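Work through the exercises below with the model open beside you. Try each task before reading its solution.

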Amino acid sequence: MLSSGASYIFELEGNPFVGYRWRLNPRASENLAIVMVEDLGYGEGKSIGKKLIGAPAPYRFRITALTPGFARLYFEYVHPWVGKSIKIETLGVRVD
């Protein structure tokens, strides 16, 4: 649950070295008008703050609440040039 105007960093596990990226699927998502979703890309992995080749790393999105309501966000893990997802994650966001 977020208050209107508040932001939250949402992380999904990925691997920047295999070519897959997480992306929001706006067609599958519901009520996107109440939130702003910013793609922050890959962050540093958990290997003591170092980027190690082949190591997993979190993929981050900043979710900012705009108006009260409920949104369901669908994220998919894809090769951007192929477009076929291999994983799908959902996030429910309630804004008060």
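**Confidence and ground rules**

The mean pLDDT of this protein is 88, and 92% of its residues reach 70 or more; pLDDT is the predictor's confidence in each residue, from 0 to 100. The model is predicted: local features need pLDDT of at least 70, side-chain atom pairs count only at pLDDT 80 or more, and totals for chains, interfaces and linings use all residues. Residues are numbered from 1 along each chain as its sequence is written, and side-chain values use heavy atoms, with hydrogens and water left out.

**Exercise 1. The open sheet**

Task: Find the order of the strands in the open sheet, and name its edge strands.

Solution:
- Step 1. Strands (E, at least two residues) and helices (H or I, at least four) are DSSP runs, numbered from the N terminus.
- Step 2. Two strands pair if DSSP finds at least two bridges between them.
- Step 3. The sheet has 3 strands, in the order S1-S4-S3, with antiparallel pairing.
- Step 4. S1 (7–14) and S3 pair on one side only, which makes them the edge strands.
- Step 5. Look at S3 and S4 (residues 57–65): 7 bridges join this antiparallel pair. Gly 41 stands opposite Arg 60 in S4.
- Step 6. Check confidence: among the elements, S3 has the highest mean pLDDT (96) and S6 the lowest (89).

**Exercise 2. Two asparagines in one loop**

Task: Is Asn 25 buried or exposed? What does its side chain reach?

Solution:
- Step 1. Asn 25 lies in the loop between S2 (21–24) and S3 (35–42). Asn 31 is also found in the loop between S2 and S3.
- Step 2. Buried means under 20% relative accessible area, exposed over 50%, partly exposed in between (1.4 Å probe, protein chains only).
- Step 3. Asn 25 has 19% relative accessibility, so it counts as buried. Asn 31 has 39%, so it counts as partly exposed.
- Step 4. The side chain of Asn 25 reaches the backbone nitrogen of Ala 28 at 3.0 Å.
- Step 5. Leaving aside neighbours within four places in sequence, Asn 25 is in contact (heavy atoms within 4.5 Å) with Tyr 74 and Glu 76.
- Step 6. Now the backbone: phi of Asn 31 is near 60°, a positive value in a residue other than glycine. Most residues other than glycine have a negative phi.

**Exercise 3. Around Val 93**

Task: Which residues is Val 93 in contact with, leaving aside its neighbours within four places in sequence?

Solution:
- Step 1. List the partners of Val 93: Leu 2, Ile 34, Val 35, Ile 63, Gly 69, Phe 70, Ala 71 and Leu 73.

Key: Polar contact = N/O pair within 3.5 Å; in protein donor to acceptor, adjacent residues only side chain to side chain.
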